[in-house]
Structures are given as structure tokens and as C-alpha cells.
Amino acid sequence: MTEQLRERGDASDDVVTAVLHGLTGQQSALALLDATDELLSSDVFVASYGVRLHKAFLAGVRTPRPVVAAAFAEGALRLALAGFGDVARTVVMLTPDDPHGLDPDYVARLPRLLGAALDRWGLGQSVGGSLRDTLAELQLIPAAAAAAAFESGLHQIRSAADPGTDDPVALLVAARKNFAHAEAGEESGSDAALYGSGIDAVMAFRRGDELALRQARQSLHRRLGDRADGLRGGHLPAWRRPRAEAGFAWNRLVMILTRALDAATRPAWLDAWSMIDAVVDAYVLDRAVVPLAGPADADSFGRVLRPVITSSLHGRETLLMQLRVAATDDADRVGRLREVVAHLDAPAAVTYDDDNSRLLSLAPSMVAELGLPDAARLAHQVDDDTLRLVEGMAYNAIVRRGSLRDPVIADLLERLTTDLRPCADYTGFVRQYFDALIAETVAFLATRHDLQRSAAVDYLFPARPPPREVRLQDDFADWLRRGLLAGHIDVEVPNVATGRADIKVGFGATRFFVEVKRELRTSARAELERSYLTQAADYSGTSATLGMLLVLDLTSHRAGVPHLSECAWVTRRRPPGSGVDRYLVVGRVVGNRPTPSTYSQPANHPATSDPATGS
């Protein structure tokens, strides 16, 4: 009946209603996708029944089968992208109030749909903001984190191309970090690596790093080959087929790199903008879609929709190229034109008194890594060449660290280190030591939060009497002794402040103390700090004003456990009469955990409209 219906625009209402009801009852994702492609390939059917079909797809999202629900969501999005159906309801469907409560198989497919929606509607302040907020939430959910990081990176490329953006390079650095996180994902890892290599090329050229440029070119060659093989051997939905064209833009970037490496001239912003422009072009082609098939002509629905980008890069690059060619190749125009080109190519004149402007221009990665105050102090002591060298080291560190951690852990680490920046002692070697402790602690929290990886740890499970905090203390100290901090760990250290410290992490004169507690009544953040912060902060009164509080949460968790991102935070306390704040990282280890099956619920999907009522 589907094949007959797609060829006619005058079927009876009863027939159309029957088909739509049958569609919403579909239990097979593959059958649903085939039926969707069949119906959406008919411009006659879509013109007559597209709005009703869109409502049916929205209703189908409520099915308890998560993969089928995702297929319905894709159909609804395709119709809305093409102008058939309610955009607002589509956005509501894509932005659930509590994505953490969705089935992992459904939520894993949501970032790709959000990315397609952002490509089309991302410039709208209300709609775009809602889509971006949901994407940020998905980066905290393991099943969707890698895909959400990839889509966030693409959005940052889109934002960097906006002519109203004050600092496009900082956005590229942020995008590179997201692509590094996403490389660990199976579905988007290769694409993330390709975009990452493109940004590597731009950043290497900015700092004049010829070795890094050559490495970026080699990486792009390799990634492009892998991508071509993947497109040939894998399944690519028909509505996303235009992305094969993106290879041409990536190849253009390789050619720009080749020209830049062969040229015996200093780096010029003309070439950097050309590279950024090539990455943006690749993004536009890569993200183009054909939401409705049909004949590919101007009057049909089968037209390509490309991401909406209000970019001035292409026009700027074209103008500069014309000026350079005119000044180089035409012997009669060597006067004023060469002066113009020299002015356009020359970096902006910056004095050393204007450290922030110079710093943001030459070393955005260093600012992201150290924070503006510390980066500015360092920049004041070095010349431009040295600053570019340090920038390269900072950029490589960001990429390397991002590629080694999953997005949830990476986001938590970044939040903790950012919140510690106001601490006056959090600099230099002290910061390096404390960062090592934070990294080990977050890895410990993540492992103990996952019962599959900590099944043998008895204090995590219900017990009578409840376990003492010494079980957590011994376990954490043993964890630290097995890692990078081996040789720096002591337990039950006497004569610290006014008592005995549970765990000391010592680096000569620099010492950090970890206070370990257990909580039986309430795990609210404010209550934990009220109960234990005073003692934990007191230990940091004679060394660096940095410390740690680790709490074994043995409260009831029958309704579920907090997310890992909620199990660590930075707080500070200033004792009465003191003028110095103590900064503490608080970590919560969730114990007294029943098995997940005791509080599992049926799959939950966003409620939408009913195709029969049209509401």
C-alpha cells in the first residue's frame, strides 16, 4: 500500500489514516527507514500529506523501542528541514527536559539529529540555544558523549566562521579539544580525526611550525584515504549522500598546505584564512543533506540543504588572493598594490604593554591552558618566537590530553581545574602536582562509580553494619600508590594542624592532605560541606592552600544514583579571623548501591502528537 500511496496525491482520507496508523505501529527500524525513504521520495505524496506524516513521525517517537523511536525522530526532522511540519514541535522532540532518563540506545542517536537541526536553525537565538543546551547535556551522558563532542566541535567551527565572532581562533582551539574527545567514538571517530587534522594545520601555520605543518599534511592524506574507504564500504543514508563532495574541499586544504610548505616566504594571514576557509567549506559540504529525495530540479523537493553560515571568510580570501596575484605577476602594478598586500599580510602592531592583545593573538591555546593571568605573566617575559613555541607545546598538550580521556571525564577535569584558578597557590609546580592528584582522583571516582569495573569492592554495596570510612581511605591510598603518585603517599599522618591526616600526598615541602569521611544521613552538597569542610580545610594551613575531601556516601539510593559529573566539585573556606581562602576538591564515592535492576524503568521517550487527532 505504501508504494501505491506514494504515487498518488488524491487517496481517500481513510486510506491515508490507515497507512499513517500502520506506520506509527511499526516495530522494525529497518522496515521503518525503508518506508520513510519510499514515502519521502514522492514529491506528490509529501505535498499532499507531508504535514500529517510529520505528526505521525512525532507520535511514533513514543514507542518503547529506542532504535525505532530514533528512526521516527529522523523522519520527523527530515520533513521539518524541508519545510513540512511544525519546526517548534520538532525542536521540542529533539530537546527533552531530562535526557539522562532516556534509553541509551535512543540517546546515542540524538546528537547526530541535533547537529543536523543546528546546521539548519542554529542561527536562531531561541531554537539554536535550546539545541545547543541539549547537546551540552548529552556530553555528560556516556552513551552520547563522543557523538555530542563531535557535533559541538562542528558547531564551534560554524561559530568561528561567523563574521561577528571576536576570536575565531579560540573557537577553533575549543573545537579541536572536542574532536580529540570524539576520536575515541566508533561512529564519528574518523571524521573527528579529519577535522582535528585540519585545525592542526591552521594552528601550526599560525605559529610558523613547519614540522607540525608537514605532519598535518600527512595526517590529512591518511585520513582522507580512510574516509573515502569508509564512504565506499559503509552504509550512508541517502539523505546524507552529499557529504561525499566534502573530499574536494579537504583536498583543497592539502593543496594549500603544499603551497605553504613549498613557498620560501614567512607565514601570512592570507594563507591562514585560506586554510580556515577550506575547513569551513569542507564542513558545509560534509553536512549538506537531501531530506526529501524526488527529482533534483529547482521546482521539486529534492534539493540540497546546506548549513546556514553567514561567513565573510570566502570573500576576504578571494580579495586578498586577487591583490597578491596582481602585485606579483603584473610588473606595471608594483607600487601601491604591493604596499596594500604588505599591509594586509603583516601582523597587527602590538606593543609589549598590550600583553592581552598580543597574547590572545599569538597564544590562544596557552590562555586556555593556563588562564589569562598566568599566561600574561609568562608572555611578558618572552619574545614572539618563544611565545609561539610555548603556544605549540600548549596546543599539543590540549590535543593529547583530550584524546586520552572520554568526554565526561574530560569535562569534569576541566571544570575542576578552571574553578581552582583563583587560588593564588595554584601555579607552577604546585599546580602540576595538584593536577596529577586531581587526575588520579577523577579516574578513581569514575571507576568506583561503574559497578562493572568495581564489582569486587565490597564497601560499594549494602551491608550491615555499614562500612567504615577506613575502607575508602585504604582503597584510595592503594589506588594512588599504583599510579603516577607512587612513592608520594602516606596514611594516618600525625601532627598535622590539630590532628591526624588521613592521607598525605607529599612532594618535598609541598604537601596536600586528603580527609576521608562517610555519610549515612544526607548527601546534599551543602550538608556535606557544612559537616566536614572545616576539618578538611584546616590541614592546608601550613602548606599550599589546596586540599581534598573524599566522602563515602552511604545514604539510600533506591531512586538512583547521581551522575559522575555531580560527584566532584571545588569549594573554598576561609576560617574565622583568616585572610586566606582554602580551596578543596570534594569527591563523593557512592556506596550502598542496590543492583541497577531494582530501580530500572521502561524506556522513556518524549511525548509528542497523535496522528489521528493532529494535536
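## Buried, exposed, or in between?

A residue counts as buried when its relative accessible area is under 20%, as exposed when that area is over 50%, and as partly exposed in between. Keep those cut-offs in mind as we look at some charged side chains in this predicted model.

## A pair within one helix

Let's start with Arg525, which has a relative accessible area of 44% and is therefore partly exposed. Its salt-bridge partner is Glu529, with 3.3 Å between the closest N and O atoms. Glu529 has a relative accessibility of 18%, so this residue counts as buried.

Where do these two partners sit in the fold? Both belong to helix H25 (residues 525-538), and they are four residues apart, about one turn of the helix.

## A pair joining two helices

Next come Arg448 and Asp475, whose side chains meet in a salt bridge at 2.8 Å, N to O. Arg448 is in helix H23 (residues 428-449) while Asp475 is in helix H24 (residues 469-481), so their contact ties together parts that lie 27 residues apart in sequence. Both Arg448 and Asp475 are buried.

## A small network

Salt bridges can also link up: Arg176, Glu183 and Asp200 are connected in a network of them. Within this group, the side chains of Arg176 and Glu183 meet at 3.7 Å, N to O.

Is Arg176 buried or exposed? With a relative accessibility of 4%, Arg176 counts as buried. Glu183 has a relative accessible area of 28%, so this residue is partly exposed.

## The wider count

How many salt bridges does the structure hold? There are 14, and the pairs described here are among them.

How values were computed
Residues numbered from 1 in each chain as written. Predicted model: local features only at pLDDT ≥ 70, side-chain atom pairs only at ≥ 80, totals over all residues. Heavy atoms only, no water. Salt bridge = Lys/Arg side-chain N within 4 Å of Asp/Glu carboxyl O. Buried < 20%, exposed > 50% of the residue type's maximum accessible area, 1.4 Å probe, protein only.
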